[in-house]
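Open the model in your viewer, with the sequence panel alongside, and follow the stops below in order. At each stop there is something to select and then something to look for.

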Amino acid sequence: MSHKVTLIPGDGIGPEVTQATVRILEATGVKFEWESFAVGADAFEKHGEYIPKEVIESIERTHVALKGPVTTPVGGGFSSINVALRQKFELYANFRPIRNLPHIPTRYPDVDLIIVRENTESLYSGLEHEVVPGVVESLKIITEKASTRIAKFAFEYARKNQRKKIHAIHKANIMKLSDGLFLRCCRTVAKGFPEITYGEHIVDNTCMQLVMNPYQYDMLVMENLYGDILSDLCAAFVGGLGFVPSANLGDHCAIFEAVHGSAPDIAGKNLANPTALLRSSLLMLRHLNEFDASTQIRNALERVYRHPKKLTKDIGGQAGTSEFADAVIEEMDKAKAAPAAAH
Ligand code: NAI
């Protein structure tokens with residue numbers, strides 16, 4: 001069987017990290033039919049649209065996309081392609097697992113945390129206006145529907161993956177109505193999952209608790225803005241944004257992408273580290289029920305990370321993007337040749 005996947009290489013380092021990732025994915029033996037498209041400034045030049053309708057139609061058909069970073073112009077031009085795609089396909093859950101890789105020096109070893117961020121509302125609804133000159137109002141929208149949906153997503157994931165604990169993160173002491181509604185929805189959903197310990201922490205305290213002892217948490221679920229901030233904070237536990245994967249999931253479609261940007265300063269130089277997109281593609285493989293292939297790559301990646309010279313220069317190695325991909329594929333081939341030794 002082959003999987004149809006929409007491929008959005010993006011720009012800057014996007015095409016390099018995407019090509020490395022695709023090569024590694026194909027080396028697992030899983031078959032893919034890639035439907036590849038440009039978006040952003042490149043697409044505008046060719047088609048007069050930042051997100052050509054072919055891209056939308058392709059995702060509607062494949063239901064799955066793997067996306068590289070896209071440059072967003074500052075202070076003008078078009079708005080974020082990522083936000084537009086999330087809205088278009090109602091990708092309401094942003095899912096970010098936080099796990100260490102060997103050889104990346106961090107303050108905390110063996111972190112294993114999952115952040116589930118509501119992706120569609122809160123202060124990201126874009127409802128801002130100037131009431132009178134000098135006074136601006138920005139509306140935070142919280143609905144029962146979206147809060148219940150994200151809480152269910154988190155609890156169902158926890159049940160399916162034997163996670164033990166979920167904390168809802170909030171500021172209901174101040175935003176009594178909006179965050180109060182979010183918490184009420186989480187509590188209602190939690191009742192259906194008695195095997196999972198449910199807790200609630202205020203967002204500012206959570207920041208301090210995380211930095212003091214990240215091991216006290218297992219899964220965190222929260223509204224959009226708190227998720228935006230805490231997911232970057234937690235990325236620092238494992239070395240930064242260059243190492244964390246991300247999935248944007250809806251009921252019908254899913255987009256898997258790295259959270260770093262298009263790094264124009266190193267684009268086209270074979271310097272980019274493809275780890276974040278590769279780890280995002282492991283989430284994609286699991287979404288496609290290709291669990292063996294995901295484990296194959298994860299094990300190979302961890303083995304490559306034990307050899308500092310095989311890593312890319314941003315983390316002190318000597319390899320280029322393509323040599324790094326070669327090293328992962330070589331480790332996969334070795335494991336296939338000696339399966340008993342690999343596990
Ligand atoms: P950036 O993440 O592109 O770069 C920050 C620094 O990290 C740079 O020094 C860069 O060389 C380095 N870096 C980033 N990814 C790397 C990788 N994979 N390997 C090695 N080094 C890496 O952030 P910046 O400069 O703020 O944004 C550049 C552009 O990317 C902007 O137009 C921004 O809007 C866009 N962007 C796109 C995102 C997406 O499409 N998902 C996410 C974030 C930013």
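A residue is called buried here when its relative accessible area is under 20%, exposed when that value is over 50%, and partly exposed in between. With that cut-off in mind, select helix α5 in this predicted model, where A146, S147, R149, I150, A151, F153, A154, F155 and A158 are buried. Helix α5 covers residues 144-160, and because 17 residues at 1.5 Å a residue should span 24 Å, the 24 Å between its end C-alpha atoms agrees with expectation. As you colour the buried positions, keep in mind that an α-helix has 3.6 residues a turn, so residues three or four places apart point the same way. Just after α5, select Q162, which takes a positive phi of about 55 degrees.

Next, go back towards the start of the chain and select helix α1, residues 14-27. Its 14 residues should span 20 Å at 1.5 Å a residue, and its end C-alpha atoms are indeed 20 Å apart. Is α1 largely enclosed or largely open? Since 10 of its 14 residues are buried, α1 is largely enclosed by the rest of the structure; the buried residues are G14, E16, V17, T18, A20, T21, V22, I24, L25 and A27.

Now zoom out to the whole chain, which has 12 helices and 12 strands. Its C-alpha atoms fill a box of roughly 60 × 50 × 40 Å along the principal axes, and 51% of the 343 residues count as buried. For a chain of 343 residues, a compact globule would have a radius of gyration near 20 Å, and the value for this chain, 20 Å, agrees with that.

The ligand is the next selection, displayed together with the residues around it. There are 20 of these, and V70, G261, A263, D265 and N273 come nearest. Sorted by class, the shell consists of nine nonpolar, seven polar and four charged residues. Three side chains are worth showing as sticks here. A polar side-chain atom of D265 lies 2.9 Å from an oxygen atom of the ligand, while an N or O atom in the side chain of N82 is 3.1 Å from a ligand nitrogen atom. In the side chain of K67, an N or O atom is 3.4 Å from an oxygen atom of the ligand. Taken alone the ligand exposes 810 Å², of which the protein buries 64%.

From the ligand, move to P73, in the loop between β3 (64-67) and α4 (81-88). P73 is partly exposed, because its relative accessible area of 33% falls between the two cut-offs. Add A41 to the selection: it is 32 residues from P73 along the chain, and the two C-alpha atoms are separated by 9.0 Å.

Then select R117 in strand β5 (residues 112-118). Is this arginine buried or exposed? R117 counts as buried, because its relative accessibility is 6%. Show N224 as well, and you will find a polar contact of 2.8 Å joining the side chains of R117 and N224.

The last stop is F243, in the loop between α8 (224-235) and β11 (245-249). With a relative accessible area of 5%, F243 is buried. To finish, draw a distance from F243 to E57, which are 186 residues apart in sequence and 31 Å apart in space, C-alpha to C-alpha.

Definitions and conventions. Residues are numbered from 1 along each chain as its sequence is written. This is a predicted model: local features need pLDDT of at least 70, side-chain atom pairs count only at pLDDT 80 or more; totals for chains, interfaces and linings use all residues. Side-chain values use heavy atoms; hydrogens and water are left out. A residue is near a molecule or strand if one of its heavy atoms lies within 4 Å of it. A polar contact is a pair of N or O atoms within 3.5 Å; within protein, one must be able to donate a hydrogen and the other to accept it, and residues adjacent in sequence count only if both atoms are side-chain atoms. Accessible areas come from the Shrake-Rupley method with a 1.4 Å probe; for residues, only the protein chains shown count as cover. Ala, Val, Leu, Ile, Met, Phe, Trp, Tyr, Cys and Pro count as nonpolar, Asp, Glu, Lys and Arg as charged, and the others, Gly among them, as polar. Helices (H or I, at least four residues) and strands (E, at least two) are DSSP runs, numbered from the N terminus. The expected span of a helix is 1.5 Å times one less than its number of residues. Buried means under 20% relative accessible area, exposed over 50%, partly exposed in between (1.4 Å probe, protein chains only). The radius of gyration is taken over C-alpha atoms; the globule rule is 2.2 Å times the number of residues to the power 0.38.
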